Amino acid sequence: MTTALRKPPGTPSPVRADFGREVEENLSTVPGIRRAKTDAAVLFALPGFLSDEECTLLIATIDNGRRKSTLLTSTNDPNFRTSDSCDLDRWHPLLQPIDEKIAHLLGLPPEHGETMQGQRYAPGQQFRAHNDYFNENEPYWASMAVQGGQRTWTAMVYLNEVEQGGATWFPQAGVRFNPRPGMLVAWDNMNPDGSPNLATLHEGMAVVEGTKYIITKWFRERPWTPTIEP
């Protein structure tokens, strides 16, 4: 019996390939940054990117504005993503410097960044294995394509210590990051040719004890222009 080959999630792109190379070069020169020892994907970790004060501010903001996390596509698994999320106002005078600090670290134009999102994981909550890039074969792609196009880089920052659990696990790349307050993790969602990299599959593992807070910022290949609902 034969099975049909699954279509790749996207095609190569010189624009995305350039973003990948440029950001990789920028991050490689940052003092104190560490590159993950894997050939499957480009991943970096930078301890102490945010201060204790910045983390405390973000945690309080997430708690005040959190809602149940959502998914771009439907799933039959009710436990796929069980965290709470909060969209953070990029123009708030206390949050804008943090938002733009991430873009400047990567060397990407701030206007290419989506709204910074905060997430809160209570004990038992998780985000099962997923990719951040958009699958260009899915119905939602037509909408995403005109709102800035494909996601190139992801930047994520842990905001607090977690007593047990809550690691970010890249099973195909063989890399795991444990939460550390203020530590930034960044990765290229594309292959060197600018096509989506399957090995960026990652999981927000379930928190066992404590509460995990993070912020995530995604960057598009073009300026992000979200559709305004009437």
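Reader: When do two strands pair, in the terms used for this predicted model?
Author: The model is predicted. For each pair of strands, DSSP must find a minimum number of bridges between them. That minimum is at least two bridges.

Reader: Which are the edge strands of the open sheet of 8 strands?
Author: The sheet has the order β1-β2-β11-β7-β14-β5-β4-β3, with antiparallel pairing. An edge strand here pairs on one side only. That leaves β1 (34–35) and β3 (67–68).

Reader: What is the bridge partner of Gly 118 in β14?
Author: Strand β5 covers residues 117–121 and β14 covers residues 212–220. The two run antiparallel and are joined by 5 bridges. In β14, Gly 118 is matched with Ile 215.

Reader: What angle does the direction of helix α2 make with that of β14?
Author: Helix α2 (residues 52–65) packs on the sheet, where it touches β3, β4 (84–87), β5, β7 and β14. Its direction and that of β14 make an angle of about 90°.

Reader: Which strand gives the most to the lining of the largest pocket?
Author: This pocket holds about 1,300 Å³ of space. Strands β5, β6 (127–130), β7, β12 (202–204) and β14 each supply at least two residues of its lining. The top contributor, with 5 residues, is β14.

Reader: Which element gives the most to the lining of the second largest pocket?
Author: About 180 Å³ of space lies in this pocket. Its lining comprises 16 residues, and those nearest its centre are Val 42, Asp 188, Met 190, Asn 191 and Pro 192. The element that gives the most, with 5 residues, is α1.

Definitions and conventions. Residues numbered from 1 in each chain as written. Predicted model: local features only at pLDDT ≥ 70, side-chain atom pairs only at ≥ 80, totals over all residues. Heavy atoms only, no water. Helix = DSSP H or I, 4+ residues; strand = E, 2+ residues; numbered from the N terminus. Contact = heavy atoms within 4.5 Å. Axes fitted to C-alpha atoms, helices over the stretch in contact; angles between N-to-C directions. 1 Å grid on protein atoms, 1.4 Å probe; cavity = no way out; pocket = protein on both sides within 12 Å on 5 of 7 lines; lining within 4 Å. Points joined across faces, edges and corners; volume = space filled by probe spheres on them.
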